[in-house]
Amino acid sequence: MVDGTTAFLAIALMAAVTFLTRIGGVVIMSFVPITPRIEAFLRHLAVSVIVALVVPAAVKGGPTAVLAVATAGLVMVLTRSAVGAMLAGVACAALLRALPIPLL
Amino acid sequence: MNAHGAPRMARTATLTWRGIVAGAREIAPVAIFVIPFGIAFGAAAIEKGLSAALAVLMSAFVFAGASQFAALDLWSSPMPYLMLALTVFAVNARHILLGAALAPWLLHLPVAKRYAVLSVLSDPNWAQATRALQRGETDAGLVLGSGLLMWVAWILATGIGAVLGSNLGDLTRFGFDVLMISFFTAAVVGQWRGLPDLVPWLVAAAVALVGASVLPFGWHVVAGALAGGITGALRHG
């Protein structure tokens, strides 16, 4: 059993580390001159973070997740609504899971 | 906005109440869907022997779901502090990149406001902020307001989960687990500027996929993002 003091210390440690990651990027960039090349890096970095989050998660989630992501992407292209795309992806996954035939 | 020319980055930044309210309103549909994850965390924390108060405290001060679940795996006596710090850092290291991507914008804010905005930075409100930047918004209140609403939703949901425990069952079975990746997919598609974007995106996807099986947990996102960013800079810089 973890006692109260230990738990507080652990939470404080987690909070401090997480806060440092949140401010770290801006702190580092405040020492780096933002040239056009750095700006191009940051712009591609921004999209690449999301791509790097989504693709492995979708692959790990199997056919259901891949189809849900495809649906969300399609709805985004058609409607330009992020919330609509999100709901469509969730609806797609829920529907596939409700099917009597289990996907792989 | 041109198809694939110079990136559009705000040359100025403001922080207004109007922006905070607008940001909160815009993220509300996402914040609602964060609740099942918060409930799941609260219930899992209780099972690990945390009190409801400690679970809520952790959600309030850490506010980073994946790392909080990871911490529960390490939650034992004696507390493995070093492992805990390293794990939380690894899972949350992507925040450094999220923040860096917003730097050309947020560096225009006074220091106190800058770090206030960053203290509630999370994946969904960051994805929303990058889209807002693309359409020329300059109000960092959008990030603060959306972050605060996500934060409140996360804390409340943790409390609900901690009190009700696993009586609610696993709410994530209704497809909520694909919610975030669907939302992020929309964010990626919304940023599409034409074919030159394809190569950096493919590099990011490939490195992240390989990284997911060879790197320690959490680092594939960092590796993929850096690879995509560097590829983009080399091609456009």
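**Exercise 1.** How are H2(A) and H10(B) oriented to each other: roughly parallel, roughly perpendicular or oblique?

*Solution.* Note that this is a predicted model.

Step 1. Find the helices. H2 of chain A spans residues 36–79, and H10 of chain B spans residues 198–214.

Step 2. Read the geometry. The two helices pack at an angle of about 45°, and their axes are 8 Å apart.

Step 3. Apply the cut-offs. Angles under 35 degrees count as roughly parallel, and 65 to 115 as roughly perpendicular. H2(A) and H10(B) are therefore oblique to each other.

Step 4. Add the handedness. H2(A) and H10(B) make a right-handed crossing.

Step 5. Look at the residues in contact. H2(A) contributes His44(A), Val47(A), Ser48(A), Val51(A), Ala52(A), Val55(A), Pro56(A) and Val59(A). From H10(B) come Pro200(B), Trp201(B), Ala204(B), Ala205(B), Ala208(B), Leu209(B) and Ala212(B). Sorted by class, the contact of H2(A) with H10(B) has 13 nonpolar, two polar and no charged residues.

**Exercise 2.** Describe the packing of H7(B) and H9(B).

*Solution.*

Step 1. Locate the pair. In chain B, H7 covers residues 123–134 and H9 covers residues 179–190.

Step 2. Take the angle. The axes come within 10 Å and cross at roughly 15°. An angle under 35 degrees counts as roughly parallel, so H7(B) and H9(B) are roughly parallel to each other.

Step 3. Give the hand. H7(B) passes H9(B) in a left-handed crossing.

Step 4. List the contact. On H7(B), Asp123(B), Pro124(B), Ala127(B) and Arg131(B) take part; on H9(B), Met180(B), Phe183(B), Phe184(B) and Ala187(B) do. The contact of H7(B) with H9(B) has six nonpolar, no polar and two charged residues.

**Exercise 3.** How much area do chain A and chain B bury between them, and which residues of chain A supply the most?

*Solution.*

Step 1. State the area. Chains A and B bury about 6600 Å² between them, with 79% of it on carbon and sulfur atoms.

Step 2. Pick out the top three. Met14(A), Arg22(A) and Arg43(A) supply 12% of the area that chain A buries against chain B, more than any other three residues.

Step 3. Count the residues. The contact takes 65 residues from chain A and 90 residues from chain B.

**Exercise 4.** Which residue forms a salt bridge with Arg43(A)?

*Solution.*

Step 1. Start with the counts. There are four salt bridges over all chains. Between chain A and chain B the count is one.

Step 2. Name the partner. Asp197(B) pairs with Arg43(A), and their closest N and O atoms are 3.6 Å apart.

Step 3. Check the cut-off. A salt bridge needs the nitrogen within 4 Å of the oxygen.

Step 4. Place both ends. Arg43(A) sits in helix H2 of chain A, and Asp197(B) in the loop between H9 and H10 of chain B.

Definitions and conventions
Residues are numbered from 1 along each chain as its sequence is written. Chains are lettered from A and ligands numbered from 1 in the order in which they are written. This is a predicted model: local features need pLDDT of at least 70, side-chain atom pairs count only at pLDDT 80 or more; totals for chains, interfaces and linings use all residues. Side-chain values use heavy atoms; hydrogens and water are left out. Axes are lines fitted to C-alpha atoms, for helices over the stretch in contact, and angles run from 0 to 180 degrees between N-to-C directions. Helices (H or I, at least four residues) and strands (E, at least two) are DSSP runs, numbered from the N terminus. Angles under 35 degrees count as roughly parallel, over 145 as roughly antiparallel, 65 to 115 as roughly perpendicular and the rest as oblique. A crossing is left-handed if the near helix is turned anticlockwise from the far one by less than a right angle, and right-handed if clockwise. Contact means heavy atoms within 4.5 Å. Ala, Val, Leu, Ile, Met, Phe, Trp, Tyr, Cys and Pro count as nonpolar, Asp, Glu, Lys and Arg as charged, and the others, Gly among them, as polar. Buried area is the accessible area (1.4 Å probe) that two parts lose on being put together, summed over both. A salt bridge is a side-chain nitrogen of Lys or Arg within 4 Å of a carboxyl oxygen of Asp or Glu.
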